[in-house]
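Welcome! Here is a short tour of one protein model, with a look at its cysteines and at a piece of its surface.

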Amino acid sequence: MTRNLAGFSWVVFFGTVVMLGVGVLRVVTQTIHYVKPPDAKAGEVIYKTGCIACHGEKGEGAPESMTVFERRYTFPEMSRCDQTTPEPNSAYKTVILHGGPERAFSPIMPAFGQLLTDQQVDDVVAYIRTLCDNKHHFPRGELNLPRALITEKAFPENEVVVSTAMAAKGAPNFTSDIIREQTFGGKYQIETDVPVNYADRDHNWTAGVGDISIGLKRELFSSLQKGSILSVQGGVIVPSGDVKRGFGKGTTTFEPFAAYDQLFKQNTWLQFQVGADLPVNTDKSPRSMYWRTALGQSLARDHALGRLFSPMVEFVAARDFAPDARVDYDVVPQMQVTISKRQHVRGDIGVRKPFTDTAGRDTQVVFYVLWDWADGKLWDGWR
Ligand code: HEC
């Protein structure tokens with residue numbers, strides 16, 4: 001079992017490295033190259049001819065009395081920045097080129113791929129972007145990079161994630177974190193994390209809730225042009241878990257961190273997170289700090305508009321504050337893939353392999369399923 005998993009982890013590791021290499025080579029073909037930069041003025045003419053009848057003069061939707069089509073709850077209000085800025089241009093482009101059903105939206109949204117050139121679609125997307133003034137400078141959806149297994153990203157999210165880590169060997173033992181994130185005010189995010197533990201102690205299954213945490217994130221800076229976004233978060237971990245069963249630390253812990261993500265031109269990206277765990281009672285648990293990096297590449301067919309595959313590798317490190325403490329390093333090769341047609345349900349699986357100070361730290365299989373609930377109900381958006 002262990003040896004198989006060790007082998008598997010190397011396969012995943014080298015697989016990821018190769019895919020990153022391929023990603024770099026495909027760079028030239030993968031990206032949509034603008035022949036000339038999109039022209040919102042030209043886009044306006046297209047919008048006023050082809051879109052206004054349904055989407056209305058300001059993108060708010062044509063008056064219901066003038067239209068007969070059924071509006072779903074997903075019908076966009078293009079004038080609302082809180083709805084439009086989290087969407088990347090690629091999501092709009094896909095729907096305009098291929099029609100609503102391409103992302104499991106209503107077929108009433110027609111496909112314009114036969115009528116408009118690539119350039120014209122870019123122009124009309126550029127025009128749609130002007131319908132929301134974004135004066136509060138909400139971060140743009142392009143900066144919402146694929147979620148890594150361990151490293152927290154900077155972008156404020158509306159997600160429910162169930163993330164599980166299980167021991168790759170020894171007695172069955174796993175923890176599922178049920179995480180819920182919600183944005184407010186465009187730049188803030190509230191996050192709660194309820195860990196549920198299962199452990200086999202001498203063939204007796206024991207289960208229980210661990211230390212629940214709550215955190216507040218704030219985006220400080222973002223720039224689509226530079227491809228960067230910076231956030232800080234303050235969190236509290238409460239001692240709700242049963243210490244005797246090994247499900248908690250038995251002391252309140254404060255967890256501040258900063259997250260910085262950098263997107264490069266060809267959909268290669270880096271995510272950084274630096275933070276600390278500061279328990280109130282240091283007799284129960286030492287103070288520690290951590291730093292984490294995720295390096296990845298997003299690949300999709302159809303000029304980056306199709307199903308998204310994101311191979312990535314994380315390097316995670318943690319160290320107690322004690323002067324003689326050692327640094328624990330782990331490598332986490334993994335692959336994230338979009339599961340639903342809407343791309344609002346995604347999965348990620350990888351192996352967390354300690355490579356320094358490995359005594360007492362076992363290899364783990366880690367995976368999550370996430371649902372971006374701002375993009376639609378869980379059962380919508382599949383076909
Ligand atoms: C016949 C009516 C109609 C016309 C014409 C139309 N749309 Fe739409 N469009 C819709 C409907 C309906 C939806 C919502 C689909 C849903 O919620 O399932 C939609 C959705 C969209 C979306 C949202 C996709 C998302 O990710 O939320 C975009 C972008 C869009 N349309 C752009 C355009 C553009 C640009 C044009 C003109 C070139 C256009 N539409 C013309 C009806 C129309």
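## The disulfide

Cys81 and Cys132 are joined in a disulfide, with 2.2 Å between their sulfur atoms. Keep in mind that this is a predicted model. A disulfide is a covalent bond between the sulfur atoms of two cysteines. Searching the whole structure turns up 1 disulfide.

Where do Cys81 and Cys132 sit along the chain? Cys81 lies in helix H4 (residues 81-84), while Cys132 belongs to the loop between helix H6 (118-130) and strand S1 (159-167). The two are 51 residues apart, and the pair links distant parts of the chain. The link between Cys81 and Cys132 is right-handed, with 110° about the S-S bond. Both Cys81 and Cys132 are buried.

## Two other cysteines

Let us turn to Cys51 and Cys54. Cys51 counts as buried because its relative accessibility is 15%, and buried means under 20%. Cys54 has a relative accessibility of 29%, so this residue counts as partly exposed; that class falls between the 20% limit for buried and the 50% limit for exposed.

## A nonpolar patch on the surface

Now for the surface. Which residues make the nonpolar surface patch of about 330 Å²? They are Phe184, Ile190, Ile214 and Leu216.

Take Ile214 as an example from this group. Ile214 is found in strand S5, which covers residues 213-223. Because its relative accessibility is 45%, Ile214 counts as partly exposed.

Key. Residues numbered from 1 in each chain as written. Predicted model: local features only at pLDDT ≥ 70, side-chain atom pairs only at ≥ 80, totals over all residues. Heavy atoms only, no water. Patch = residues over 30% accessible without salt bridge, like charges linked within 9 Å, V, L, I, M, F, W, Y side chains within 5 Å. Areas by Shrake-Rupley, 256 points an atom, 1.4 Å probe, with all protein chains shown as cover. Salt bridge = Lys/Arg side-chain N within 4 Å of Asp/Glu carboxyl O. Helix = DSSP H or I, 4+ residues; strand = E, 2+ residues; numbered from the N terminus. Buried < 20%, exposed > 50% of the residue type's maximum accessible area, 1.4 Å probe, protein only. Disulfide = S-S within 2.5 Å.
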